[in-house]
There are 2 protein chains.
Amino acid sequence: MAGDGTDQRALQYEQTLMYGRYTQELGVYAKEEAARLREEAAYRRLVTERSRSLDLLEYDKSRCAKCRICTVHCQKFLISRVGEDWIFLILLGLVMALVSWVMDFCIALCLQAQKWMYGGLDSNVVLQYLAWVTYPVVLISFSAGFTHIVAPQAAGSGIPEMKTILRGVVLKEYLTLKTFVAKCIGLTCALGSGMPLGKEGPFVHVASLCAALLSKFMSLFGGIYENESRNIEMLAAACAVGVGCCFAAPIGGVLFSIEVTSTFFAVRNYWRGFFAATFSAFIFRVLAVWNRDEETITALFKTRFRLDFPFDLQELPAFAVIGIASGFGGALFVYLNRLIVQFIRKQKAINKFLMKKRLLYPALVTLLISTLTFPPGFGQFMAGQLTQKESLVTLLDNRTWAKQGIAEEFEYIGHAAAWKHPQANVFITLVIFIVMKFWMSALATTIPVPCGAFMPVFVIGAAFGRLVGESMAAWFPEGIHSDGVVYSIVPGGYAVVGAAALSGAVTHTVSTAVIVFELTGQISHILPIMIAVILANAVAQSLQPSIYDSIIRIKKLPYLPELGWGHHEKYNIRVEDIMVRDVRYITLNCTYRDLHDVLLTERLKTLALVESTESMILLGSIERSQLQALLSQQLGRPRRLEYLRQRAQSERKHASTVSTPSSEEGNHKTSHEVRFQISTEESTISPTRSVSPKPLKPALKRHSVVERDQDSGIALKSLFCAHPEAAAVEDPDVEDDMTMREIAEWEELQLDEQVNFNNCKIDPAPFQLVERTSLHKTHTIFSLLGLDHAYVTSIGRLIGVVSLRELRKAIEGSVTVKGVKVRPPLASFRDSGTSSSDAEVTELHKLWNRHTNLTLPQDHQPSDSDEKSQ
Amino acid sequence: MAGDGTDQRALQYEQTLMYGRYTQELGVYAKEEAARLREEAAYRRLVTERSRSLDLLEYDKSRCAKCRICTVHCQKFLISRVGEDWIFLILLGLVMALVSWVMDFCIALCLQAQKWMYGGLDSNVVLQYLAWVTYPVVLISFSAGFTHIVAPQAAGSGIPEMKTILRGVVLKEYLTLKTFVAKCIGLTCALGSGMPLGKEGPFVHVASLCAALLSKFMSLFGGIYENESRNIEMLAAACAVGVGCCFAAPIGGVLFSIEVTSTFFAVRNYWRGFFAATFSAFIFRVLAVWNRDEETITALFKTRFRLDFPFDLQELPAFAVIGIASGFGGALFVYLNRLIVQFIRKQKAINKFLMKKRLLYPALVTLLISTLTFPPGFGQFMAGQLTQKESLVTLLDNRTWAKQGIAEEFEYIGHAAAWKHPQANVFITLVIFIVMKFWMSALATTIPVPCGAFMPVFVIGAAFGRLVGESMAAWFPEGIHSDGVVYSIVPGGYAVVGAAALSGAVTHTVSTAVIVFELTGQISHILPIMIAVILANAVAQSLQPSIYDSIIRIKKLPYLPELGWGHHEKYNIRVEDIMVRDVRYITLNCTYRDLHDVLLTERLKTLALVESTESMILLGSIERSQLQALLSQQLGRPRRLEYLRQRAQSERKHASTVSTPSSEEGNHKTSHEVRFQISTEESTISPTRSVSPKPLKPALKRHSVVERDQDSGIALKSLFCAHPEAAAVEDPDVEDDMTMREIAEWEELQLDEQVNFNNCKIDPAPFQLVERTSLHKTHTIFSLLGLDHAYVTSIGRLIGVVSLRELRKAIEGSVTVKGVKVRPPLASFRDSGTSSSDAEVTELHKLWNRHTNLTLPQDHQPSDSDEKSQ
């Protein structure tokens, strides 16, 4: 199994115009890691001391002490309780519900303020326009600026990043308090502006932030919050809470978050999501009741369709049409969104200009959109005066708008009046609404503020469904059913179907269906919705990636594409077809020069450690940084000073007694001897000593004492880095008087020494595959375990390596976007009947070969085999 | 990665009284495996020939040939289409919908027949009683007998077995046509009898059977249906279809099947389940519409609760009480069920008697239950005349039964009248119903017929909810809400909550909530239901395993317990605490005697292969059966005859030329020489020859020709088994004239030879863990990859092994049923600050040590190191 540390890479955030980019900086990470390790050691010491003091207390028999013992015990009990998962989940749910409710309240206030300003200035259209336009421009600019200054990571949806994080990648500063503040305030302002933006993507991020911060806070009380696996489990639950408390949809939230963020889902984690999301949704709705907004707990966008005859069987084709059209629409939306980003990135001049004036792009986009929606202007043809929420409520209305073509007799109550226009009928209004909102939403989601695309798409889908429904109602005014009873068509039902289908198509999820049930509080249209959502998914998935995967590609986050809908080639491609055969490795008995060469030519993050070039038996993998540390330590100044001091000493000795000529060569040999000797006899405590030549100086001895004081081996490396300097400081008698040439010579000599791996952190069981493993299985294992590379071995021998890159290429190579399936090289050779045992036998022969070489010395004829092995 | 073959063990079904037991028979499996491999090779040959004939055709330029080419191409196209997943899923959904509908129809017929018989004999109570009782006894006995004769595997629920199968274990004959027939007919009869049995568990099994058979059928057309990973994916989808078309609940079906059968769920599989389940549910409901049972597609148990004010906030405590009580009830149900099984198993005398008269137990149980439900008898106090479906419909009624204590003025329409009794009020009827049905259901599900426990539990839960609801309605006749408007309490809503909670508690699932929404067609009670289900799960999971896990334990299926709700010790236990350190292994250069000893003392299914006892480098694992084959081949009669023939030949030669004295020792040496030589030079084709001594006989030569005809190496083993016998038959000049002593001597000599692993199937990359891997991670990996053992290695060296058994012990040891958490031995030593690099350094020293031994021969001082290694 790959060790815990392999995929702990922190990715640095790099701010670009619209979406940021993550780059890797190993140096920074290494520093942090060292700091973390030091802290851990310190913490552990603290804990030990605390428990020791507790033990001491129990010996003290005074009354005060008894009290204190009791207090300590109580404290311990409380802490152990606080550590329970369910307390954490309840807290998380509670906090998120409050955040969601407060945010909704603020957004509603902002929108009301805009309406009030706009309404108060109805005497002058120009002033009205200025008020209508300035308000969102200011809010969006503030949001963009605030986000940029406080935490640029907070911009955008957050779901793509959470997907990456749950895959095991560490994104730097993605889960900090700063980001939390930026996301919350930025999101409130952005949504308060009335732009077609959504709350649900960012809420996943906010919930994850909340979980991470809560976990940090709780770790002040107890120790278990430090565990990595647990944190990932909690983050998964937090994603569910995010969606759950945003829509008051616990079940849909859990399912949506699973579909959107996971590739493999641990069912044991299931209850966490349900528990937290339910609690959160409950509190969120209870707050509304307490605030007298609602009488009791009901759905957020409650519908009142008839229950006894929700739809006719013959309406199903219309629902299917909605599904298929939504599929195309969803794919188009994703494509459009990516196109806009790529267009602006490509135009270097524009890009440069906009990068300088960061707030210009958001302001321009907002200006354009709000101008077009200005109610007395073009907005009158697209219900521009309605907020997103109001539009949705009217679209889900259970009355029919267009009973006889242009419905004159129908009185539009409340907001529904906005859809009626004296010159244009409802159909035209709806079409204009759909078309305009479509590109507006695609454009608006590229603004670098915290925002999601789910809700805008949801509204567009509802409008599209309504359009189809109204058309059906106009076409069959008496309903379709023929058995005497008139069951008229319910266009609201079509709107629900359309909303679920389009949002499903854009996000590539099926669970939007469940979200819709929970949002509307009705499940009577379950079959039409399921059919439409599945069809929409089928169409959209075969055309475009999901909006989140699209953003992942744009942001260049480390990801692994999905295998897609049943491509059978996957079962026929083997690891041996895609693996890199020319693996760079280091051997146990390599010299520092080999190390140097490998580090120069190879750019991989980890290197394989094999027994020897002949045997190629894989022993483990070492991180690049570890090797760099080894090398710099061998060639570093402290070690050179040590060498000088020693030479001076031996010269002094030489001067006094004139004995045993120690050539460099001899010295070299001795050091070898010594190293083996030490590593054989003194096992655990002396690794730092083993490099230094024999006569141990007092300074070094003291260091090994220090080392024993440390109760863990983790700090070894930092100790090691620290001590040579100290030694140099404490040796005033040695001067660094070597010339450049001498240094170069000395370094050449040092490079010829054999590497000592004692202080090196080796992952002793990197993940291994066999060359016959299928691509399908490889993909499964990579995504299950969150690997980023795996070695391919054959009976212990290293024969290749597969990394995410190869895997990605293989998947994308065999399934291009256009649907042309390219067979991987070599794949065709295999179908004609070679089988696995064939390859195994071959490998076994090689092994035998090797075995003969290695073990025959203990056999009858050692001389013969020795000749072979040479 | 563990190879494909490691967990391909077929478990044999062993019929016991109530639940069968699975035992392992490796021999049978080995035979089947060989047959399968042979078939595969034959199939591949066929395909090759076919494509060859196609190539030939294209050269032929006649018109007829063109037509034929066209046909062949069309055929190819069709086949490739048929291979698509979605066609398979549609077919599966269609078939299952039909099966479900037909079965429901037959069950309804059976129940009607019983009612008719019972109703027609209302003149005489005794005759009526006889009719009432005989009918179910006959049906159940027939069902039990039929199942027992045709396929005993069909008895019981099927979900526990599917859970095991999806974990990667092969249960023998569990997915055959016979089982399908037995399950369908048995289930129809069992449910037609009116016993408190369910349809949903068996339907999961039926759907899986259907998928397996369909997959077999489809493989007649195309090749990809042979793939194992694909089959598992399809089985997972089939489980969803099973639940989906049983309740017409696609979403709930998918979620329930995931919760019940998986530990880790691949999200890429999600759409398959949704697609198939939706299609199936759709067809299932459309059939009802076409059959004029329904006007349009609606829910199965449609409720009509008011939408505007479904429940008051102050009713929530009552819902919570239902949840908690259901949790205890669910745990009690599981316990009771297990108790009954164990009681009857323990009573040896009863057990023996009942095993002989197989039909007696089902008949007795049925007699008892049907006597108690006899409507004119005790049944009148528990609505005994209602079928399960009718009871559920009445319980979910949206009217209140007990408006003023004993509701006189309320007219009981239809079946609801059954709940009214002149002497007893509704509360008493309900209590009796709940208590009686509770133990009856627990008892009835132990009958060895195809049956599930979900539906009975669901009904009991609904009754319990109704009871609480009616009590609340009696307590607050004017409703709780205080704002002027009277919203009376809806007891039907409580019934829905109770049903979801109790079934959730028994099965340990949350998705019963979704099933309930889909069954009733209303989602307005979502929050109370979620709260009750989560509370019920929390209580039940801390008291008892789920009913399916309980059955898994009773049946002794290979399983891995779940980690449970947040036990933090999991993160602190390491593999090194639980692993078996005394691993039995075989080395590359071991003798057959070593093999023999290991096979005698060790009972593991696979053995580790290491390089040598000194290095302990893990090279792979070999199955026990492979080793047995090696051994029996070395000591078998054919080889002895070969030896005799050869001796005779050499004696003949000796007689003619008198040269080169060949002692046994010399012969032995030569054979060694030869083996290495052959394995080095002739790589793939000659493995069968390499064992045989040098002078190749004509018979053997012909065999290697046969072998070349075979296009794959897979069949090697079976060939190998076949050929020596042939050789023996064709050598009439050699007689088996060895005495027992000679044979023993010869065998002793053979045992001293070194093992030749060339013909042995080695898994070259068995799964490896590191000693610092946490129990939590180990559990994750085991359940993710479906392992049953993993080797613990340290930098390539084998240091231990962990199997399912150790893991199970560790999990159960630290979380006993009573809630006392026992710390594993050694765990306490670790918290006080030892860290991973400590151990790594130690290991590295050992490695260095070893490295010194092995590689120094090529260094400066070979003599020194050779001395060390001796």
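Two residues are in contact here when heavy atoms lie within 4.5 Å. The model is predicted, so local features need pLDDT of at least 70 and side-chain atom pairs count only at pLDDT 80 or more, while totals for chains, interfaces and linings use all residues. Residues are numbered from 1 along each chain as its sequence is written, chains are lettered from A and ligands numbered from 1 in the order in which they are written, and side-chain values use heavy atoms, with hydrogens and water left out.

**Exercise 1. Place A:Ser550 and find which residues it is in contact with, leaving aside neighbours within four places in sequence.**

Step 1. Locate the residue: A:Ser550 belongs to helix α20 of chain A, residues 547–555. Helices (H or I, at least four residues) and strands (E, at least two) are DSSP runs, numbered from the N terminus.

Step 2. Check its cover. Buried means under 20% relative accessible area, exposed over 50%, and partly exposed in between (1.4 Å probe, protein chains only). A:Ser550 counts as buried because its relative accessibility is 1%.

Step 3. List the partners: A:Val334, A:Arg338 and A:Pro545.

**Exercise 2. Work out how strand β6 of chain B is enclosed and paired.**

Step 1. Count the buried residues. In β6(B), residues 606–610, five of the five are buried, so the strand is largely enclosed by the rest of the structure.

Step 2. Sort the directions. B:Leu607 and B:Leu609 point one way, B:Thr606, B:Ala608 and B:Val610 the other, and all are buried.

Step 3. Find the neighbours. Two strands pair if DSSP finds at least two bridges between them. Strand β5(B), residues 585–587, runs parallel to β6(B) with three bridges, and B:Tyr585 stands opposite B:Ala608. Strand β7(B), residues 618–623, runs antiparallel to β6(B) with five bridges; here B:Val610 stands opposite B:Leu618.

**Exercise 3. Describe the sheet formed by β9, β10 and β11 of chain A.**

Step 1. Read the order: the three strands form an open sheet, β9-β10-β11, with mixed pairing.

Step 2. Identify the edges. These are β9 (768–769) and β11 (797–803), each pairing on one side only.

Step 3. Look at one pair. Strand β10(A), residues 789–794, is joined to β11(A) by six bridges and the two run antiparallel. A:Val792 has A:Gly800 in β11(A) as its bridge partner.

**Exercise 4. Summarise chain A as a whole.**

Step 1. Count the elements: 33 helices and eleven strands.

Step 2. Add the burial: 59% of the 870 residues of chain A count as buried.
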